[in-house]
Amino acid sequence: MSFTRQLSEMSASELNDAIDDTNFPQAHILSRGRNNSVCSTSSTSGTSSLADRALSQPEEQPVIPQPGSAVGTPTDELVPSSGATNRRRLILKTNGSIPENDGHEKCTFHHDLELDHKPPTREALLPDMARSYRLLLGGLGENPDRQGLIKTPERAAKAMLYFTKGYDQCLEDVLNGAVFDEDHDEMVVVKDIEMFSMCEHHLVPFYGKVSIGYLPCNKILGLSKLARIVEIFSRRLQVQERLTKQIAVAVTQAVQPAGVAVVVEGVHMCMVMRGVQKINSKTVTSTMLGVFRDDPKTREEFLNLVNSK
């Protein structure tokens, strides 16, 4: 199983543990300490890239962080830079230890721990989903056989599959090789990326904008790929806090930059059309990794660029 696939395979609690600074030694994906830089690099000394190391792992042994087990060792190798200072890549070397599998090693339909198992294609779920929507209409006191509702269960099932199509996507497929060697070490920011997602608590939409910034370490990412990364993780049942972290980690896995910053501003319909019904409320979440958390000036530059009109 590819290393970049593991982000999709982690539950919400595992993802939080992996990114939380205090739990970094237990993480198998990127994070960093508040007082120490915990980055390594794929340098000319023979250290392979993160993706190369991941592909060398056996397919039938998925590497999933286990509570209390250290499956990664942070290192402090410097990346040569054209600037006055050297920057550290935000990547994590694995020590080769692989936790025991979770019973899914022979499951051909294994997709995501949150989904448990999936059929060969998600479209195969349509008949069961349509029947469930039909029962829901009946439970609401409606007549599912009246003219306006005859095809509603099928339409609703197809719409829900589209709203959650991110479960069928992975980082490798989306990147499609669009990672380029480039002697560029200045900030790259793509802001105001439209985002639509589904609140996992109420199954109603939340939407907004995502701004992403990163500091390259001699590798850059095709600009459209940042928007596609947002699509992967927003087109799922989500909470905004986890969505923000997943985007930041995915960008890190893609290009191992010196730092990644993500800010998400969302409007949640579960607060607008139900409950407290505050129609003007917005929720802002951020994830800062690497130099964006270590260096206040770098963080300030990013926030100024994001907030500028």
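Of the 309 residues in this chain, 46% are buried. The model is a predicted one. Its secondary structure comes to 11 helices and 11 strands. Among contacts with a separation of 6 or more, 72% link residues that are 24 or more positions apart.

Start with confidence. The chain averages a pLDDT of 75, and 62% of the residues score at least 70. Two stretches call for care. Residues 1-5 stay under 50, and the model gives them 23 contacts beyond four places in sequence. Residues 20-77 are also below 50 in pLDDT, with 147 contacts beyond near neighbours in sequence. Where pLDDT is low, the predicted coordinates should not be read in detail.

Now turn to the sheet. It is open, has five strands and shows mixed pairing. The strand order is β9-β6-β7-β10-β11. Strands β9 (237-238) and β11 stand at the edges. Each has a single partner strand, so one side of each is left without a neighbour in the sheet.

Look next at strand β10, residues 259-268. How much of it is buried? Nine of its 10 residues are, so β10 is largely enclosed by the rest of the structure. In the sheet order, β10 stands between β7 and β11. With β7 (residues 205-215) it runs antiparallel, joined by 10 bridges. One pair to find here is Val-210, which stands opposite Val-264 in β10. With β11 (residues 283-290), β10 also runs antiparallel, and eight bridges join the two. Find Ala-261, opposite Met-288 in β11. Then find Val-262, which stands opposite Thr-287 in β11. In a regular strand the side chains alternate between the two faces of the sheet.

Stay on the edge strand β11 and pick out Val-284, which lies in it. Is Val-284 buried or exposed? Its relative accessible area is 52%, and the cut-off for exposed is over 50%, so Val-284 counts as exposed. Val-284 still has partners further off in sequence. Leaving aside neighbours within four places, it is in contact with Gln-240, Val-263, Val-264 and Glu-265. Val-267 is 17 residues away from Val-284 in sequence, and their C-alpha atoms are 9.2 Å apart.

Next comes helix α11, residues 296-307. It has 12 residues, which at 1.5 Å a residue should span 16 Å. The end C-alpha atoms are 16 Å apart, so the span agrees. In α11, Thr-298, Phe-302 and Val-306 are buried. These three cover an arc of only 70° around the axis, which puts them on the same side of α11. What covers the buried residues of α11? The cover includes β6 (188-199), β7, β10, β11 and α10 (291-294). Four of these names also appear in the sheet order, namely β6, β7, β10 and β11. On the face turned away from the buried side, α11 carries the exposed residues Lys-297 and Asn-307. The N-terminal end of α11 has a cap, Asp-295. A side-chain oxygen of Asp-295 lies 3.1 Å from the backbone nitrogen of Lys-297.

Compare helix α7, residues 223-234. It has 12 residues and reaches 18 Å from its first C-alpha to its last, close to the 16 Å expected at 1.5 Å a residue. Its buried residues are Lys-225, Leu-226, Ile-229, Val-230, Ile-232, Phe-233 and Ser-234.

Finish in the loops, with two backbone angles. Asn-218 lies in the loop between β7 and β8 (219-221). Its phi is positive, about 70°, although Asn-218 is not a glycine. Asn-218 is partly exposed, with a relative accessible area of 23%. The other residue is Gln-256, in the loop between α8 (240-255) and β10. Gln-256 has a phi near 45°, again a positive value in a residue other than glycine. How accessible is Gln-256? Its relative accessibility is 3%, so Gln-256 counts as buried.

Methods
Residues numbered from 1 in each chain as written. Predicted model: local features only at pLDDT ≥ 70, side-chain atom pairs only at ≥ 80, totals over all residues. Heavy atoms only, no water. pLDDT = per-residue confidence, 0-100. Contact = heavy atoms within 4.5 Å. Buried < 20%, exposed > 50% of the residue type's maximum accessible area, 1.4 Å probe, protein only. Helix = DSSP H or I, 4+ residues; strand = E, 2+ residues; numbered from the N terminus. Pairing = 2+ DSSP bridges. Expected span 1.5 Å × (residues − 1). Arc of directions from axis to C-beta. Polar contact = N/O pair within 3.5 Å; in protein donor to acceptor, adjacent residues only side chain to side chain.
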